[in-house]
Amino acid sequence: MPLEAAKGVSLTARGEGVLPQHPLKLFEKMVASSPYDGEIMRFSGTFDVGDRSEVVSKKRLDMVVRDALEFFESWSPREVEKERAGHRPTSADDAPLIGAIPRHDGLYVATGHGTLGVTLGPVTAALVARELSTGKAEALLWPFRPNRFRLVF
Ligand SMILES: Cc1cc2nc3c(=O)[nH]c(=O)nc-3n(C[C@H](O)[C@H](O)[C@H](O)COP(=O)(O)OP(=O)(O)OC[C@H]3O[C@@H](n4cnc5c(N)ncnc54)[C@H](O)[C@@H]3O)c2cc1C
């Protein structure tokens, strides 16, 4: 399938200073910032194409933190809680791949949600569960069928 892993990294840290009260996407730098518990912040970024490992690249993580901190003059990290790397599986047209795989009986995929897998996972799961349990095709899933691409197996 035309799918890229698109690796991302994040840093979760306790810090000092003033935190925003809700998540912010720092678009100029393509970094997401998520404050929680009053003193913890998570910065996440990068979309590294071609890297399928789950190793945290210190260089890439440092870049994300440096970029994010340009927006938070009044907050600074004091104690790192977690450094993490993960993937944002993304299709060639940036829309999810949801449905049966032709010529492979019983194989059904729901992936390719890119940067929004946590947000979109629940609605995808609800539609897929209904489609598979009733055997009735969900109209809402038509734009996302894997066979919109020429699959090579
Ligand atoms: C740093 C970071 C921050 C993010 N922040 C957000 C956010 O704020 N909001 C949001 O909506 N989304 C966010 N995302 C995106 C979200 O995490 C992904 O879209 C989502 O995890 C994709 O889910 P998935 O199940 O398709 O793939 P994955 O979560 O990558 O799961 C794929 C699974 O398949 C396994 N696998 C791979 N190959 C094989 C194989 N050959 N055989 C068996 N198993 C295999 C892998 O080990 C993995 O467990 C973020 C991602 C990253 C990396």
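Trainee: Leaving aside its neighbours within four places in sequence, which residues is His 113 in contact with?
Mentor: This is a predicted model, where local features need pLDDT of at least 70, side-chain atom pairs count only at pLDDT 80 or more, and totals for chains, interfaces and linings use all residues. Residues are numbered from 1 along each chain as its sequence is written, and side-chain values use heavy atoms, with hydrogens and water left out. Contact means heavy atoms within 4.5 Å. Beyond the neighbours within four places in sequence, the partners of His 113 are Pro 89, Pro 96, Ile 98, Leu 120 and Thr 124.

Trainee: Is His 113 buried or exposed?
Mentor: His 113 sits in the loop between strand 9 (108-111) and helix 2 (117-134). Helices (H or I, at least four residues) and strands (E, at least two) are DSSP runs, numbered from the N terminus. Buried means under 20% relative accessible area, exposed over 50%, partly exposed in between (1.4 Å probe, protein chains only). His 113 has 14% relative accessibility, so the residue counts as buried.

Trainee: Which element supplies the largest share of the largest nonpolar core?
Mentor: A nonpolar core is a set of buried Ala, Val, Leu, Ile, Met, Phe, Trp, Tyr and Cys residues joined through side-chain atoms within 4.5 Å. The largest one has 15 residues, and Val 31, Met 41, Phe 43, Phe 72 and Trp 75 touch the most other members. Strand 2 (7-17), strand 5 (40-48), helix 1 (58-69) and strand 6 (75-87) each give at least two residues. The largest share, four residues, comes from helix 1.

Trainee: How far apart in sequence are the parts that Arg 78 and Glu 16 tie together?
Mentor: A salt bridge is a side-chain nitrogen of Lys or Arg within 4 Å of a carboxyl oxygen of Asp or Glu. Arg 78 and Glu 16 form one, with the closest N and O atoms 3.0 Å apart. Arg 78 lies in strand 6 and Glu 16 in strand 2, so the tied parts are separated by 62 residues.

Trainee: Which residues are linked with Arg 78 in a network of salt bridges?
Mentor: Arg 78 also meets Glu 79 in a salt bridge (3.9 Å, N to O). The network joins Arg 78 with Arg 14, Glu 16, Glu 39, Glu 79 and Glu 81.

Trainee: Is Asp 48 buried or exposed?
Mentor: Asp 48 pairs with Arg 60 in a salt bridge, closest N and O atoms 2.6 Å apart. Arg 60 is in helix 1 and Asp 48 in strand 5, twelve residues apart. Arg 60 is partly exposed at 27% relative accessibility. Asp 48 has a relative accessible area of 16%, so that residue is buried.
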